[in-house]
Amino acid sequence: MSAVTFKNVIKKYGDVQVIHGVNLEIEKGEFCVFVGPSGCGKSTLLRMVAGLEETTAGTINIGDRDVTKMDPSARGVAMVFQTYALYPHMTVKDNMGFGLKMNGYPKAEIEKKVGEATRILKLEPYLKRKPAALSGGQRQRVAIGRAIVRGPEVFLFDEPLSNLDAELRVEMRVEITRLHKEIGATMIYVTHDQVEAMTLADKIVVLKDGHIEQVGKPLELYRDPDNKFVAGFIGSPAMNFLSATCEGKTVSVPALQENVNMQMDLPPNGTKVTLGIRPEHIKIDPLGDAFDIDLTEALGGVSYAYLVSSTGEKIIVEERGDERSEIGESVGIKIDPSRALLFDETSGNRIR
Ligand code: ADP
Ligand code: MG
């Protein structure tokens with residue numbers, strides 16, 4: 001049985017529909033990430049699981065319980081928010097234990113549960129402090145601790161790292177992965193950051209405009225996207241897209257001044273398509289001159305060369321950091337045809 005099941009879930013705010021019939025199963029113990037651009041409905045979906053938003057139509061199950069109309073406190077979920085939502089006048093320890101106290105748990109049991117969360121999150125040195133005396137990362141750990149003590153069936157995270165600086169975000173990402181390994185609970189995690197999604201998830205759900213675009217393991221989405229949106233959203237820098245036209249088993253790509261052999265059956269000759277190729281699947285050919293290098297970015301281990309073709313299309317190429325090209329050079333490129341993907345020009349759907 002799945003840990004969380006969405007069946008034809010719809011959400012309307014007044015007349016405006018923002019979630020358009022979501023069907024999804026999340027397995028027990030799975031770390032599931034909802035990712036997509038701002039406004040695509042990630043928080044709305046999560047808040048419907050928590051019971052903080054009403055579900056307009058469809059059902060949400062947690063285990064075998066239909067929780068669609070259940071009170072939030074009865075659902076067996078605990079939510080961690082971007083804004084921490086800690087009580088400023090309480091110590092770390094009291095913040096973590098407060099919910100249990102309000103629910104009438106005996107003191108000894110509260111001590112035990114808070115002690116366990118303290119150990120898991122390494123919060124021992126901070127137990128007597130108030131939130132104002134903690135860093136952002138420490139506050140977020142307390143907020144997670146407050147979720148852990150409740151022993152929920154499902155943890156819900158809504159962009160919990162977005163308020164942290166870049167270095168701390170990486171650190172907390174590792175912490176959250178460790179936490180998931182240690183407690184093994186089902187977790188649903190919302191983020192707009194595809195790097196967070198790739199590094200944390202067992203399963204990624206890519207959302208756009210209230211629809212699921214694709215569900216899969218991180219590397220499945222990276223290597224085998226169902227459409228141009230997923231191909232462009234997952235991966236940084238993004239996949240390159242070039243206009244192309246079908247010709248037999250090849251596509252003619254004006255930007256590349258060549259025909260790329262796709263080794264598969266293609267739509268009829270003359271069909272307009274988009275060729276997708278990732279920056280790491282292209283090599284610079286110093287002997288060519290079809291592209292001007294507009295910009296380079298050296299990150300150390302790798303560099304990115306930003307090229308412009310004679311057709312005006314832009315293309316990004318990944319190079320080794322120690323053999324990088326220079327701005328202003330004219331170069332050719334060679335793509336690895338076995339890594340090229342095709343998309344329908346109009347629908348954006350993958351042609352397989
Ligand atoms: P995300 O978390 O992916 O950024 P949200 O789930 O917050 O997106 O929002 C999805 C859509 O629902 C957006 O278009 C947003 O404007 C709309 N929305 C969210 N909350 C409300 C609300 N209380 N009233 C009306 N529209 C809302
Ligand atoms: Mg949101």
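In this predicted model, a polar backbone atom of Cys40 sits 3.2 Å from an oxygen atom of ligand 1. The residue just before Cys40 takes part as well: a backbone N or O atom of Gly39 is found 2.7 Å from an oxygen atom of the ligand. Thr44 contributes through its side chain, with a polar atom placed 2.5 Å from an oxygen atom of ligand 1. Taken alone, the ligand exposes 570 Å², and 56% of that area is buried by the protein.

A wider look at the surroundings of ligand 1 helps to place these contacts. The shell includes Tyr13, Val18 and Pro37, together with Ser38, Gly39, Cys40, Gly41, Lys42, Ser43 and Thr44. Helix α1, which covers residues 42-50, supplies the largest share of this shell, namely 3 residues. By character, the shell around ligand 1 holds 5 polar residues, 4 nonpolar ones and 1 charged one.

Attention now turns to the nonpolar cores. The largest of them contains 45 residues, and the members that touch the most others are Val33, Met96, Ile144, Ile148 and Tyr189. Met96 offers a good example of such a residue: leaving aside residues up to four places away in sequence, Met96 is in contact with Val114, Ala117, Thr118, Leu123 and Leu127, and also with Val142, Gly145, Arg146 and Val149. Another core, of 29 residues, lies apart from the one that holds Met96, and its members include Val251, Val253, Leu266 and Ile282.

Notes. Residues are numbered from 1 along each chain as its sequence is written. Chains are lettered from A and ligands numbered from 1 in the order in which they are written. This is a predicted model: local features need pLDDT of at least 70, side-chain atom pairs count only at pLDDT 80 or more; totals for chains, interfaces and linings use all residues. Side-chain values use heavy atoms; hydrogens and water are left out. A residue is near a molecule or strand if one of its heavy atoms lies within 4 Å of it. A polar contact is a pair of N or O atoms within 3.5 Å; within protein, one must be able to donate a hydrogen and the other to accept it, and residues adjacent in sequence count only if both atoms are side-chain atoms. Accessible areas come from the Shrake-Rupley method with a 1.4 Å probe; for residues, only the protein chains shown count as cover. Helices (H or I, at least four residues) and strands (E, at least two) are DSSP runs, numbered from the N terminus. Ala, Val, Leu, Ile, Met, Phe, Trp, Tyr, Cys and Pro count as nonpolar, Asp, Glu, Lys and Arg as charged, and the others, Gly among them, as polar. A nonpolar core is a set of buried Ala, Val, Leu, Ile, Met, Phe, Trp, Tyr and Cys residues joined through side-chain atoms within 4.5 Å. Buried means under 20% relative accessible area, exposed over 50%, partly exposed in between (1.4 Å probe, protein chains only). Contact means heavy atoms within 4.5 Å.
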